[in-house]
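This report goes through selected features of the structure shown below, from single residues up to a whole chain. It closes with the annotations taken from a database record.

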Amino acid sequence: MTASSSCSSSHPGLNLGAAHGQAHEDAEPVMFGFWIFLMSDLVTFAMFFAVYATSLQATAGGPGNADIVDVTSIALQTGALLVSSLLFGIATVAMKHGSAARTVILWLLASLALGLCFLGLELRDFIVAAEKGAVPMRSGYLSAFWALVGLHGLHVAVGSVMICVLCAQIAIFGFASDVKTRLLRLGLYWHFLDIIWIGIFSIVFLPGLLT
Amino acid sequence: MDHLISGRLGWDDIAIFDVFRDPTASNIVGSSAGWLVVIGGIITAALLLVRGWWQPLLFEWLTTTDHKKIGIMYIVVGLVMFARGVAEGVVMRTQYVTAFEGGYLTADHFSELFSTHGTIMIFFALMPFLIGFMNLLVPLMIGARDVAFPRLNQISLAFTVVGAMLLMISLVIGKFSTGGWTGYPPYTGVAFQPGTGPDYWIWSLGLSGIGSLLTGINFAVTIYKMRCPGMTFMRMPVFVWTALCTSILLIFALPPLTAVVIMQALDRYLDFHFFTNDLGGNMMNFANLFWMFGHPEVYILILPAFGLYSEFTAIFAGKRIYGYTSLVIATMAIAVLSFTVWLHHFFTMGQSPTINVAFGIATMLIAIPTGVKVYVWIATLWGGRIRMRTPVIYLGGFIFFFAIGGYTGILLANPTINFTVHNSQFVVAHFHNVLLPGTLFAVLAGIYVWFPKFFGFRLDERWSATTAWLFIVGFTFAFMPLYMVGLMGLPRRSPAFDDPGYIPYMIVAMGGALCLLAALCALIGTFIVSARRRDELAVPGGDPWDGRTLEWATPAPVPEWNFAFLPEVKRLDAFEVEKAQGTAYRIDREDFEDIELAPKSWIGLTIIVFGTLLGFAMVFWIWWLAVLSATVVLAHAIGLGFVRDAGEIVPADVVERTERDWIAAARQGQGTDRTLEVSPRNRGFSARIGEA
Ligand code: HEM
Ligand SMILES: [Cu+2]
């Protein structure tokens, strides 16, 4: 899978550098493809955001935005997700600078732990909302809310599974070049989820917090 | 009715037995179609077993990651589905002939027909055709050995096949949606259609959409990153440009479809209220999301077709394409503009006149770059030494009819006119008018032009030309009358009418449809006849039409590694330049190298089998099967990361021998003069070999 064009390899985000040889070269098309995938995923989220925005009034007499926001929980979730992303970043940099596989796995597991905290808190919020009758079947607004927040949560869950898989691959194969590029890609994905979360925070939760 | 093991699947759902339960005309037609699928399936399976064909099928085709084989499989899938689509078209046209008395099909059956017909033609005939051509041509045209992600390519095909399988199964078990290919809720919601129909629609579109999205990513990366040395953007063949723009459209247009399908599924399965009539559901969200995909989709269908026209126009006019730069700019302009016009599909749904006018104008703007293209093709033909081969017949039909289709498009883009013909047969006439001569003719001509490249022999000229004329004549009679009845007020998707004035037009249209059916048969006949004469029609040299771009600089069929050495390009029309300068068919290097092919993979087959089971289980609420098949697919996908399989290595001496044999044959063989290119003398070598 070598790129035949002789342009110097570099892609947005963390580059491994020429010292990484094969992995650095493979990263060129692979990372480019992954950026495109994320761009496309962003469009999917944009559609859910758009539907959410047009459904704000469609509460059909049921619970509205202000009724389902728990400030503390949202703050904790935001913190967990952002710090998790930071830890993932550290794992990637550690890999780039030749840390031992053990070290990198530890950083990844720390990142995973915070990701799971996020998911746990989100799940708890969903349960609380459901107990208050704010289930997605209740109204168009709640459908849009659950789908948007849930889609993000689903992405985090998938990412968590992938972190486990990747840790296993590092443990088994060490830093083979495809394992390296996978780590880079998963990193992009994990940071991307932060960006989406900031969007959800500002568009879904912030208005609720302010009222 | 909801069973733990079989979900909501019951004996009554087996549609092929309907005819025994209640032998009405509708059931006879419906069940026969189902039986055709069953018997066809059994015969295929028997042939595979008895003749031992399952072995090559399994080990050479279904597990391959070679872009050429994948491209061929896409086109085969497209042809099978196209045949079903045409048959459905003919059945619908016969219904219209009898529709004054109410027709011989039930209203429900008729609705099912136009729903499957539309879904099939758009998603499972034309899309696979064009993606198939992208697979066949793009790597060769940019001088690459493969696409960027060969295994992903196989996965894409597998998802497309899953969608097609679900549609085929819906003929035998259960029922397809009656909500048209656009699947508008709330009509496709549980309240109106509690059965399996819309769920089939959801899963076949949803799963095949994943495949198309991955194709878009794959080809965008391929074109950006895999071009051979010297292949700058402005030296890429026009088809590659259109493939790039199509990829970009796939990347941006499919997410809205995915999103809307997910939401519709949530509405139907979990009682959400995105698009329902009550509790805050809003159907306009569906319309906007769907057409944010749907409009770019028509350009996904037409841009690669434009690319094909551009390529073979230059070939058969024996001239460089006129105004290359303007073609490229026009292609990009169309790709961008296509995202700005989606609302013209629902001018009548109550937004303000200002919004309608804005979208009307945006729509009409697309006519400008499209017009540029048509002029470019005409200018390319102008003063060329045109050879009247089959593709040129299609091209003539295309230019003539596409102009008409373009004009009626402009009419429809005008909101005031649109209000009077909205949802009438006028619209049916318009979109068939652009899709058949626009896309289908390009594909058929493309098959003629590039078939020899991948199979090693040409198609019989007489049969091909007859096929072309049948398609053109059939198209004219089948769809031109619909403009008239549309203006007279006959709505689309209507199983009956009460004005006898329509009847004569309907008879003509049915004649046209039968002619199209004959054309389909002639197409199949072309393949059979040509395969019989394959020795006479063989073109091992690989350049039967005096081609201009890099794919013609390889033997036919193309070796698995495409190029012995990656080409170096100095100008547009790289191969033509080489032939003109006498540097073609030469090896000035000795440094042949081992070539590693992409490894074979089983993931595609896993997806085809278990993806189809997953879709089926979800349609019939067989939860255990759904969980099981999803687990298998995911486990295989995750497992891929843990296997390290290397691809087969082609040793340098094999590469060298193949290359030298081919060039030796070319130098000995006689080049044919282009006027004799349909005679057996054409062995696929350019007449200009001798001159050099
Ligand atoms: C080849 C012979 C064909 C015939 C005889 C035929 C005939 C028909 C008929 C009778 C309808 C139904 C119109 C109505 O409900 O009032 C229809 C709809 C449609 N056709 Fe075709 N067609 C053919 C080919 C194609 C092709 C090549 C395409 C390519 C995309 C296509 C795309 C569609 C679509 C999208 C619809 C709309 C379905 C809907 O209303 O949901 N057809 N066709
Ligand atoms: Cu449109």
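B:Tyr585 is buried, its relative accessible area being 6%. The model is a predicted one, and in it B:Tyr585 has a positive phi of about 50° without being a glycine. The residue sits in the loop between α18 and β1 of chain B, with β1 spanning residues 595-596.

**Backbone exceptions in chain B**

Most residues other than glycine have a negative phi, and most peptide bonds are trans. Against that background, a few places in chain B can be listed. B:Leu279, which is not a glycine either, has a positive phi of about 50°. Its location is the loop between α8 and α9, where α9 covers residues 283-317. B:Leu279 is partly exposed, with a relative accessible area of 32%, whereas B:Tyr585 counts as buried.

Two peptide bonds depart from trans. The bond from B:Pro185 to B:Pro186 is cis, and its omega is near 0°. B:Pro186 belongs to the loop that links α6 (150-172) with α7 (197-225) in chain B. The other cis bond joins B:Ala556 to B:Pro557, with omega at about -10°. B:Pro557 is found in the loop between α17 (503-532) and α18 (574-581) of chain B.

The backbone angles are collected here.

| Site | Backbone angle |
|---|---|
| B:Leu279 | phi about 50° |
| B:Tyr585 | phi about 50° |
| B:Pro185 to B:Pro186 | omega near 0° |
| B:Ala556 to B:Pro557 | omega about -10° |

**Cysteines**

How many disulfides does a search of the whole structure find? Over all chains the number is zero. B:Cys245 takes part in no disulfide, and the nearest cysteine sulfur, that of B:Cys228, is 19 Å away. B:Cys245 has a relative accessibility of 1% and so counts as buried. For B:Cys521, the closest cysteine sulfur is that of B:Cys515, at 11 Å; because a disulfide needs the two sulfur atoms within 2.5 Å, this pair is too far apart for a bond. B:Cys521 is partly exposed, at 47% relative accessible area.

**A buried threonine in helix α8**

B:Thr242 is part of helix α8 of chain B, which runs over residues 238-270. Is B:Thr242 buried or exposed? With a relative accessible area of 0%, B:Thr242 is buried. Leaving out residues up to four places away in sequence, B:Thr242 touches B:Leu303, B:Pro304, B:Gly307, B:Thr331 and B:Lys373.

**Chain A as a whole**

Chain A contains five helices and zero strands, and along the sequence its pattern reads α-α-α-α-α. Taken along the principal axes, a box of roughly 60 × 35 × 25 Å holds the C-alpha atoms of the chain. Chain A has 211 residues, of which 53% count as buried. When contacts in chain A are restricted to residues at least 6 apart in sequence, 80% of them join residues at least 24 apart.

The exposed area of chain A is about 8,700 Å², with carbon and sulfur atoms supplying 71% of that area. As for charge, the chain carries 8 positive and 11 negative side chains, and the centres of these two sets are 5 Å apart.

**Annotations from UniProt**

For chain A, an unreviewed UniProt entry gives "domain: Heme-copper oxidase subunit III family profile" at residues 30-209. In the model, that span is 83% helix and 0% strand, with its end C-alpha atoms 40 Å apart. The feature "transmembrane region" is also placed by UniProt (unreviewed entry) in chain A, at residues 32-54, 74-95, 104-123, 143-176 and 188-210.

Among these spans, residues 104-123 of chain A are 100% helix and 0% strand, and their end C-alpha atoms lie 28 Å apart. Residues 188-210 of chain A are likewise 100% helix and 0% strand, with an end-to-end C-alpha distance of 31 Å.

For chain B, UniProt (unreviewed entry) places "domain: Cytochrome oxidase subunit I profile" at residues 48-570. The model shows this span as 69% helix and 0% strand, and its end C-alpha atoms are 47 Å apart.

Note on methods: Residues numbered from 1 in each chain as written. Chains lettered and ligands numbered in written order. Predicted model: local features only at pLDDT ≥ 70, side-chain atom pairs only at ≥ 80, totals over all residues. Heavy atoms only, no water. Helix = DSSP H or I, 4+ residues; strand = E, 2+ residues; numbered from the N terminus. Buried < 20%, exposed > 50% of the residue type's maximum accessible area, 1.4 Å probe, protein only. Contact = heavy atoms within 4.5 Å. Areas by Shrake-Rupley, 256 points an atom, 1.4 Å probe, with all protein chains shown as cover. Lys, Arg positive; Asp, Glu negative; His and termini not counted. Charge placed at Lys NZ, Arg CZ, Asp CG, Glu CD. UniProt positions renumbered as here; feature names shortened; annotations may be inferred.
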